[in-house]
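User: Could you take a close look at one part of this model for me? I would like to go through a metal site in some detail.

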Amino acid sequence: MVYSKEHKMVLQSIMHEGALHENRGKELISKLFGHENTAKIINEINLKLQPLYMIIKCMNCEVTGQLYWVWASTVQDKIASFHPEFSQAELTLLRNVYSEIVTSGNGYVSSTWCLNLCSTLNIKLTKARAEEFLYEMVNKKWLTCKNGKYYMGVRSIVELLQYFKDTYQENLHSCTLCKQVLFYGEKCDQCNTTTHVHCLKNYTMNRGDLECPNCHHPISQHNHSDNSINSEMDVDEMDTEMNEVTQPSQRRSKRKRY
Ligand SMILES: [Zn+2]
Ligand SMILES: [Zn+2]
């Protein structure tokens, strides 16, 4: 196997973004290698990374269903070692946001709740700084933001899974279809199981009926159509939406206006 400077450029691009959108990865590989055999290139990079205990994993965003290539350590550790650049106060905020996402039962937490944490936790963090910090976490794909709610981001799911398993064992759920740990998905009113939105979409495509894969109870159309619109969004629209929701300076200027 030849590990070329083109492989290195792909790896650097993934490392730079933390989580690279599949479409951008495909574009890059096609430009550098003249083909779109992304699985082959990722395998070749992973062989090179193996002795360094690093890996590139593919992970779907639980909210949009979009696929990302995430650069991660194969030796899973505690939160702090993944965010050496952040202060103790910021890590405390993040830990509490994670905790609420996992234990709330719906897989997300409102941005207002996050900002109110600053006063209730008695941590040295202003709301403005907390807002900036959360924006940074969304930008780097540790969290996902949609309509003023924070969800688990692809990087957290890949890199902190062991931490979540150790910390929240009883609160973790698995997807009825892919059996992977799931933080947000479509919940069945009848049997209480949860399914990834993107897994349910594939399942429905094959069967035609929108029903729970576990008990075959119909799943409400309203919830599903809301999610499927977003999973079809392209990444630029998603980024725009993310910026609209979380860009701190825009939020502040809006507040001044009204
Ligand atoms: Zn699934
Ligand atoms: Zn069910």
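Is Cys191 buried, partly exposed or exposed?

Analyst: Happy to help! This is a predicted model, in which local features need pLDDT of at least 70, side-chain atom pairs count only at pLDDT 80 or more, and totals for chains, interfaces and linings use all residues. Residues are numbered from 1 along each chain as its sequence is written, chains are lettered from A and ligands numbered from 1 in the order in which they are written, and side-chain values use heavy atoms, with hydrogens and water left out.

Cys191 counts as partly exposed, because its relative accessibility is 25% (buried means under 20% relative accessible area, exposed over 50%, partly exposed in between, with a 1.4 Å probe and protein chains only). Cys212, in contrast, is buried at 1%.

Both cysteines bind the zinc ion (ligand 2), whose protein donors are the SG atoms of Cys188, Cys191, Cys212 and Cys215, at 2.2 to 2.3 Å. Donors here are N, O and S atoms within 2.8 Å of the metal (3.2 Å for Na, K and Ca); water is not among the atoms, so sites may look incomplete. The angles between the four donor atoms run from 105 to 114°, so the arrangement is tetrahedral (four donors with all angles between 85 and 135 degrees). For reference, the ideal angle for four tetrahedral donors is 109.5 degrees.

Along the sequence, the donor residues follow the spacing C-x2-C-x20-C-x2-C. Cys191 and Cys212, 21 residues apart, link distant parts of the chain: Cys191 sits in the loop between strand 9 (186–187) and strand 10 (194–195), and Cys212 in the loop between helix 10 (197–207) and helix 11 (221–231). Helices (H or I, at least four residues) and strands (E, at least two) are DSSP runs, numbered from the N terminus.

Terms used
Four donors count as tetrahedral if all angles lie between 85 and 135 degrees; four count as square planar and six as octahedral if opposite donors are over 155 degrees apart and all others between 65 and 115; anything else is irregular.
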